[in-house]
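Hi,

Here's the structure I promised to pass on. Have a look at it first, and then read my notes below.

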Amino acid sequence: MEATQPARLGDFEFDAIIKRPETLSSKIPDYATEEGYSASDHICLEAVTLDVTAVISNAPITWADRHPASSSRVQSAVEELRQLWEKRMPMAFTAGGDSYENVCIESVTFPKEESNSERIELKLKQVSINSTETANISIKYARGGTSKKNTGASQKSTSTAKSSDSGKSSSRSSILCSGAKAIGLFK
């Protein structure tokens, strides 16, 4: 499959990608039983990792129309990758037809010798971004005093006297029942 776009890490474009194996792994916890056997009851998926070998050149051939030749292009590309690593920000990585979101640079290896073309080794790790939601809960009945017992209407006991033609009877509600009525559990 011929690439229609250069491989990218965020806004940074590589001249070529030599290899990019993808590693999928999981952690399977083992629990010892009384009989000496181990049992596994869950599989935890770990982050996707990519080991990328990329090429940067002072005179790129593949994407020459996008990256003109320059004697300092390799140096500036190394510095730009160093800054991406220092930012510690998730970004997108695309190569060929594959795309990975929320990828961070776990490690990058730069060659020390100066040349017109350099192979750069990157280890990328896809991170999961979690979001949280909060809810406001109104508390009608505050807890008070040193006893920290409920105060207010939920602790009142109700006593009603019902009169009927045949005689008088009284019914009383428990504190728990009146509290449930107050919050709408009973009618």
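Let's start with helix H1: its buried residues are Arg73, Val74, Ala77, Val78, Leu81 and Leu84. Those residues cover an arc of only 135 degrees around the axis, so they sit on the same side of H1. That fits a general rule: an α-helix has 3.6 residues a turn, so residues three or four places apart point the same way. Keep in mind that this is a predicted model.

What do the buried residues of H1 pack against? They meet strands S1, S2, S9, S10, S11 and S12.

The length of H1 checks out too. It runs over residues 73–87, and at 1.5 Å a residue those 15 residues should span 21 Å; the end C-alpha atoms are 21 Å apart, which agrees.

Right after H1 comes Arg88, in the loop between H1 and S10. Its phi is positive, near 55 degrees, and Arg88 isn't a glycine. Why notice that? Most residues other than glycine have a negative phi. Arg88 is also exposed, with a relative accessible area of 70%.

Asn102, in strand S11, has a positive phi of about 55 degrees as well, although it isn't a glycine. Asn102 counts as partly exposed, at 29% relative accessibility.

Last one: Ala69, in the loop between S9 and H1. Is Ala69 buried or exposed? At 61% relative accessibility, it counts as exposed. Leaving aside residues up to four places away in sequence, Ala69 touches Asn58, Ala59 and Pro60. Asn58 is eleven residues from Ala69 along the chain, yet their C-alpha atoms are separated by 5.5 Å.

Cheers

Key
Residues numbered from 1 in each chain as written. Predicted model: local features only at pLDDT ≥ 70, side-chain atom pairs only at ≥ 80, totals over all residues. Heavy atoms only, no water. Helix = DSSP H or I, 4+ residues; strand = E, 2+ residues; numbered from the N terminus. Expected span 1.5 Å × (residues − 1). Buried < 20%, exposed > 50% of the residue type's maximum accessible area, 1.4 Å probe, protein only. Arc of directions from axis to C-beta. Contact = heavy atoms within 4.5 Å.
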